Amino acid sequence: MKIYHGSLEVVDHPVILRPNRKLDYGEGFYTTTSWEQSKEWVERRMLEKQSQYGYVNVYEFDAERMPEFKSLIFSEPNKEWAEFVMANRTQKGFTHDYDIIVYGPVANDRVYLQFGLYEAGAISIETLIRELKTYKLVDQYLFHTEKALTSLCFVDAVKIEK
C-alpha cells in the first residue's frame, strides 16, 4: 500500500520525531494514504517557513506485517478516538504503548474548533463526535517505534513548488 509524508525535505530514511507541540497520536513518524492531504500539508509548511519548495515523500507500507505490531485502529470518529486524541494533546507526559502503528481519522485544522469547544466544556463528547462525522476526515498512520519503521520502504520524493 502506498502512503505519503509531507515535508520540506526528502525523507528517504524516516525517523521517530519528538514534536515541539502536542499531536493527535504523540511522537513518531506521521503518514497518510491521501496524496492530497500530504500535498496540502507541504504547501502549508512552505507558507509558514517561506520556502520555495517541499516534498511529498512516497513509501510502500507492507500492511501484511500488521499482525507483528501492537496496533490501535479507529475506523471512524468515536468516543475512544476523541478521548485518545485529547489525552495526547492535553495531558502532560501522556504516552501510549502501541509499539508500531496508530491509525485513525486526522483531526485537521478545521476540526480543532470543535475539540476546543469540547475541552472548554461547551459541548459534550457526543456532540463532538456528531459534529466531526459531518467533516470528511482523512486517515493517518503513525509509526511510533523503530520497529514500525521497518515496514516502510522509500519509493520517491515528489517536489512541490510554489
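A residue counts as buried when its relative accessible area is under 20%. Keep that cut-off in mind as we walk through this structure, which is a predicted model.

**Rings that meet**

Let's start with F115: its relative accessibility is 4%, so it falls under the 20% limit and counts as buried. Its partner is W81, which is buried too, with a relative accessible area of 0%. The two rings have their centres 5.8 Å apart and their planes at 70°, so this pair is edge-to-face. W81 belongs to helix α2 (residues 79–90) and F115 to helix α3 (residues 112–119), so the pair ties together parts that sit 34 residues apart in sequence.

How many aromatic pairs does the structure hold? There are eleven. Another one joins F61 and F143, again edge-to-face. Here F61 comes from strand β3 and F143 from strand β6 (residues 139–143), so parts 82 residues apart in sequence get tied together. Both of these phenylalanines are buried.

Here are the two pairs side by side:

| Pair | Centre to centre | Angle between planes |
|---|---|---|
| W81 and F115 | 5.8 Å | 70° |
| F61 and F143 | 5.5 Å | 80° |

Ring pairs can also build a group: Y25, F74, F84, F94 and Y98 are linked into a cluster this way.

**Charges over rings**

Y98 has something else going on. The charged end of K70 sits over the ring of Y98, 5.3 Å from the ring's centre. In a similar setup, K159 has its charged end over the ring of Y53, at 4.2 Å from the centre.

**Around S51**

Y53 also turns up in the surroundings of S51. A polar atom of the S51 side chain lies 2.8 Å from the backbone oxygen of Y53. Where is S51 in the chain? Look in the loop between α1 (35–49) and β3 (53–61). Is S51 buried or exposed? Its relative accessible area is 17%, which is under 20%, so S51 is buried. Leaving out residues up to four places away in sequence, S51 touches L8, M46 and K162.

**Two helices that pack**

Two packed helices are described by the angle between their axes and the distance between the axes. For α2 and helix α4 (residues 125–132), the angle is about 100° and the axes are 10 Å apart. Angles of 65 to 115 degrees count as roughly perpendicular, so α2 is roughly perpendicular to α4. On the α2 side, the contact is made by K79, W81, A82 and E83, and on the α4 side by I125, L128, I129 and L132. W81 is the residue we met earlier, paired with F115.

Notes. Residues are numbered from 1 along each chain as its sequence is written. Side-chain values use heavy atoms; hydrogens and water are left out. Helices (H or I, at least four residues) and strands (E, at least two) are DSSP runs, numbered from the N terminus. Buried means under 20% relative accessible area, exposed over 50%, partly exposed in between (1.4 Å probe, protein chains only). A polar contact is a pair of N or O atoms within 3.5 Å; within protein, one must be able to donate a hydrogen and the other to accept it, and residues adjacent in sequence count only if both atoms are side-chain atoms. Contact means heavy atoms within 4.5 Å. Rings of Phe, Tyr and Trp (its six-membered ring) pair if their centres lie within 6.5 Å; planes under 30 degrees apart count as stacked, over 60 as edge-to-face and the rest as tilted. A charge sits over a ring if NZ of Lys or CZ of Arg is within 6 Å of the ring centre and within 35 degrees of the ring normal. Axes are lines fitted to C-alpha atoms, for helices over the stretch in contact, and angles run from 0 to 180 degrees between N-to-C directions. Angles under 35 degrees count as roughly parallel, over 145 as roughly antiparallel, 65 to 115 as roughly perpendicular and the rest as oblique.
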